[in-house]
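Got your viewer open? Load the model, switch on a cartoon with side chains as sticks, and follow along.

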Amino acid sequence: MNRRIVLKSFAVATALPLIPGCSQVVGEAANPITPLNKPRTEWRGLLSPRAYEILFEEATERPESSNLVYETRDGTYLCAACYLPLFKSAHKYESWTGWPSFTEPIAGHVATKIDFKIIWPRTEYHCVRCGGHQGHVFKDGPPPRGERWCNNGYALRFVPIEEALPALRG
């Protein structure tokens with residue numbers, strides 16, 4: 001391969017995240033979510049060190065490191081930082097990847113962007129309210145949508161259906 005072509009490819013890959021069309025809110029919320037204007041460092045005191053690292057430094061946990069992989073009860077999965085509901089248990093499934101996986105998020109509660117951290121583009125998603133990194137969405141999920149919303153367990157909080165959802169944290 002020509003050196004000039006390789007250099008041009010890297011230049012294009014570097015510029016893609018700057019294109020506004022690469023970031024979008026998924027679905028349309030019944031009541032649009034107002035993003036928090038809170039410095040990320042303020043979250044440090046509210047979260048475990050590992051949860052903070054995943055949510056606000058975009059780290060990834062090891063597979064099978066979260067008990068939420070095995071959670072089968074009915075309920076709601078919230079953002080571990082701000083408590084915004086992100087997924088319903090009806091959309092959770094066993095993907096055999098070692099991370100909690102869902103077929104779709106709650107409409108309007110996550111935003112996606114293209115991630116080039118491993119050079120190959122992936123679709124990353126965040127909580128639309130606090131910006132906390134949740135995981136990546138892949139096109140290898142079950143029918144009918146074919147999507148696998150692969151989430152970090154430390155980035156979520158599970159609330160069983162018989163319990164009231166906590167107030168949003170801000």
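## Stop one: strand 9

Select residues 148–151, which make up strand 9. Arg 148 and Cys 150 point one way, Trp 149 and Asn 151 point the other way, and all are buried. Buried here means under 20% relative accessible area, with exposed over 50% and partly exposed in between (1.4 Å probe, protein chains only). Helices (H or I, at least four residues) and strands (E, at least two) are DSSP runs, numbered from the N terminus. As background, side chains in a regular strand alternate between the two faces of the sheet.

Before you move on, a word on what you're looking at: this is a predicted model, where local features need pLDDT of at least 70 and side-chain atom pairs count only at pLDDT 80 or more, while totals for chains, interfaces and linings use all residues. Residues are numbered from 1 along each chain as its sequence is written, and side-chain values use heavy atoms, with hydrogens and water left out.

## Stop two: the neighbours of strand 9

Now add residues 133–138, strand 8, which runs antiparallel to strand 9 and is joined to it by four bridges. Two strands count as paired if DSSP finds at least two bridges between them. Pick Val 137 and you'll find it opposite Trp 149 of strand 9.

Next add residues 101–102: that's strand 5, also antiparallel to strand 9, with two bridges. Click Ser 101; its bridge partner in strand 9 is Cys 150.

## Stop three: backbone oddities

Which peptide bond is cis, with omega at about 5 degrees? Zoom in on the one joining Pro 143 and Pro 144. Pro 144 sits in the loop between strand 8 and strand 9.

Most residues other than glycine have a negative phi, and most peptide bonds are trans. With that in mind, jump to Glu 64, where phi is positive, near 65 degrees. You'll find Glu 64 in the loop between helix 3 (49–57) and strand 2 (75–79), partly exposed at 45% relative accessibility.

Then go to Trp 96, another non-glycine with a positive phi, about 60 degrees. Trp 96 belongs to the loop between strand 4 (92–93) and strand 5, and it is exposed, with a relative accessible area of 75%.

## Last stop: a three-stranded sheet

Finally, colour the open sheet whose three strands are ordered 3-2-10, with antiparallel pairing. Strand 3 (85–88) and strand 10 (156–160) are its edges, each pairing on one side only. Three bridges link strand 2 and strand 3; to see one residue pair, select Tyr 77 and its bridge partner in strand 3, Phe 87.
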